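Please walk through this model with an eye to its metal site and its open spaces.

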Amino acid sequence: MPFRNVIGHRKLVALLSRSIARETLPPSLILSGPAGVGKRLAALSVAQTLNCLAPIRRPRSDRGDEVPEVDACGTCAACTRIARGVHPDVLFLEPNDKGNIKIEFVREVIDRSGYRPFEGRRRVTIIDQADALERSAQNALLKVLEEPPSASSFLLVTPSPDLLLPTVRSRCPQLRFRPLAVAEVAQALIARGQSESEARAVAALADGSIGRALDASAETIVEARDVALRVLVQAAASDDVRRRMDCAKELVVKGAGAASSERDQLAVYLRAMSILLRDIGALAASADRSLLANPDLTQALERLSAFGGERGRLAFLAVDRALAALDRYTNAKLVADWLVLQL
Ligand SMILES: [Zn+2]
């Protein structure tokens, strides 16, 4: 996965590439940001570009600010071995099945990082889900972060940098990866062979995460749109509080397991609702239909013109507030009950 194949994050990728080209890459970095946006792949690109046997350098003339100055070829022996996780100089650490990274593994990595690279130019240690490092493991790691061996790089990948010790954080400059744009997620899905319309519907629901989009099956998406659509149709048809509270029950799937999965499921429905509301707004404003996330639902959406103007805008904001409340672990039923009364 060379830099040029990383989807989105052009500025961050250009920055990483430039610092490799100019040999100013900090010995340790935190790559933070939501799950599934490409942090780990970017770390892999760094390892490849540092060790590639035939790196591609771009002449200054055809370089924009966001084009990588140097990139891995992606096909040499070093690049392919790094991608397969079997290059002797590129080490991966990730949580065990109990979800933590033990100090023993960190000690081993630290020992190995003291040696010169075996084959490559630079030894790279990628710690995925670095927030899973036990406290003692972080303290052990701190010693190498304070005095990094020459020719060694440490890349700490995490969605939750705040869970790292402040001492570790202060040693590692942080690159913040943002959620991807819907079009970028769709592009990744199309590249993996999904049809364009399906890719767009899935991407719209994935909240900027390719990982989440790949996890979501087409049925999940279709079901989420159906539920969200039914709730909007009910809300448009009746102001009756009891009927609306009945709708809320559709949004909270009981018996689905832990409270967290209730919240996750509701969030999926709400994201679907928010996209439907955006499409209804676009139809009301006679926007280009090719811009709709759900072009196959055009007829149903046209019948919801009640949400075409101010009411739709307020509903959209209410859905946003509901999603934010779920992020703060508010009870799913409370959120659903509140929301249906705002529509
Ligand atoms: Zn290569």
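The paragraphs below take the zinc site and then the two pockets.

This is a predicted model, in which local features need pLDDT of at least 70, side-chain atom pairs count only at pLDDT 80 or more, and totals for chains, interfaces and linings use all residues. Residues are numbered from 1 along each chain as its sequence is written, and side-chain values use heavy atoms, with hydrogens and water left out.

The zinc ion has as its protein donors (N, O and S atoms within 2.8 Å of the metal, or 3.2 Å for Na, K and Ca) the SG atoms of Cys 52, Cys 73, Cys 76 and Cys 79, which lie 2.3 Å from the ion. The angles among the 4 donor atoms run from 102 to 118 degrees, and the site is tetrahedral, a term that requires all angles of four donors to lie between 85 and 135 degrees. Along the sequence, the donor residues follow the spacing C-x20-C-x2-C-x2-C. Cys 52 and Cys 79 are both buried, that is, under 20% relative accessible area with a 1.4 Å probe and protein chains only.

The largest pocket (an open set of points on a 1 Å grid where a 1.4 Å probe fits, with protein on both sides within 12 Å along at least five of seven lines) has a volume of about 750 Å³. Its lining, meaning residues with an atom within 4 Å of a point, comprises 30 residues, with Asp 207, Arg 212, Ala 267, Val 268 and Arg 271 nearest the centre.

The second largest pocket holds about 380 Å³ of space, and among its 21 lining residues Gly 36, Val 37, Gly 38, Lys 39 and Leu 41 are closest to its centre.

Key:
Points joined across faces, edges and corners; volume = space filled by probe spheres on them. Tetrahedral: all angles 85-135°; square planar, octahedral: opposite > 155°, others 65-115°. Buried < 20%, exposed > 50% of the residue type's maximum accessible area, 1.4 Å probe, protein only.
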